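Me: I am new to this one and would like to know what stands behind the terms people use for it. Could you take me through them?

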Amino acid sequence: PKWLTKIQNNSWEPEIIISGFSIAFFFILPKHIYNFTAMLIQDFGADATLSFFQYAIMTFIITSLKVLFIGHLILRGLWTGLVGLSYVFPKGVKEELLEKDLKNVVFKKPIDLVIEIEKICSLIFSFAFMIILYLIRILMFYFLLIAADMLFYVFKLSSSVMFFGQLALIAVATVVFVIFIK
């Protein structure tokens, strides 16, 4: 459809804004995640291993997202330069003006490079948001486990009751996530 083509052609504008804000957010977030994990362990008595595992997963994913969004912004900068180059030199390199050594080299037209970089940038951006959606699902699952652990700690239930309660919670969470995926 025509509207989809228009959106695809102008998708770079919100991509750059979202990438910039996401990078700023992801550089601020790890300190708060650490403080939240420490609060869970110290104030609420959450299981240290489970909380540390949640912290390690989130830190790894956030670092990966930083790399993806920074790479996306760098490639968008290259893309912007190539758009300008394709405006100035729409037909690309004039091979008749090249030295003898360079006449055998095949240069791509700037518009072809713009299209290739556009595809790479869109792929990086969509991959980053796919990771964010999976992160949200994983975190929901771990927060349920941590919440259950804290409830069992508060009510001072036995370890066997806590084990079966967590198993039941995992089963319920799995069913909910399977339904949520569809």
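Reply: Happily; here are a few terms, each set beside its definition. The model is predicted, so local features need pLDDT of at least 70 and side-chain atom pairs count only at pLDDT 80 or more, while totals for chains, interfaces and linings use all residues. Residues are numbered from 1 along each chain as its sequence is written, and side-chain values use heavy atoms, with hydrogens and water left out.

Me: What makes up the pattern of the protein chain, read along the sequence?

Reply: Read that way, the pattern is α-α-α-α-α, with five helices and zero strands in the protein chain. Helices are DSSP runs of H or I with at least four residues, strands are runs of E with at least two, and both are numbered from the N terminus.

Me: Why is the pair R76 and E15 called a salt bridge?

Reply: The term asks for a side-chain nitrogen of Lys or Arg within 4 Å of a carboxyl oxygen of Asp or Glu. In R76 and E15 the closest N and O atoms are 2.7 Å apart, so the pair fits the definition. R76 sits in helix α3 (residues 48–88) and E15 in helix α2 (residues 12–42), 61 residues apart.

Me: What other partner does R76 meet in a salt bridge?

Reply: That is E118, at 2.8 Å from N to O. Because R76 lies in helix α3 and E118 in helix α4 (residues 110–154), this pair ties together parts that are 42 residues apart in sequence. E15, R76 and E118 are thus linked in a network of salt bridges.

Me: Why does R76 count as buried?

Reply: Buried means under 20% relative accessible area, exposed means over 50%, and partly exposed is in between, using a 1.4 Å probe and protein chains only. R76 has 1% relative accessibility, so it counts as buried. E118 has a relative accessible area of 18%, and therefore E118 is buried too. Of the 182 residues in the protein chain, 29% count as buried.

Me: And K108 and E116, which meet in a salt bridge: how do you know whether K108 is buried or partly exposed?

Reply: K108 has 46% relative accessibility, so it counts as partly exposed. E116, at 35%, counts as partly exposed as well. Their side chains meet at 2.6 Å, N to O. A search of the whole structure finds three salt bridges.
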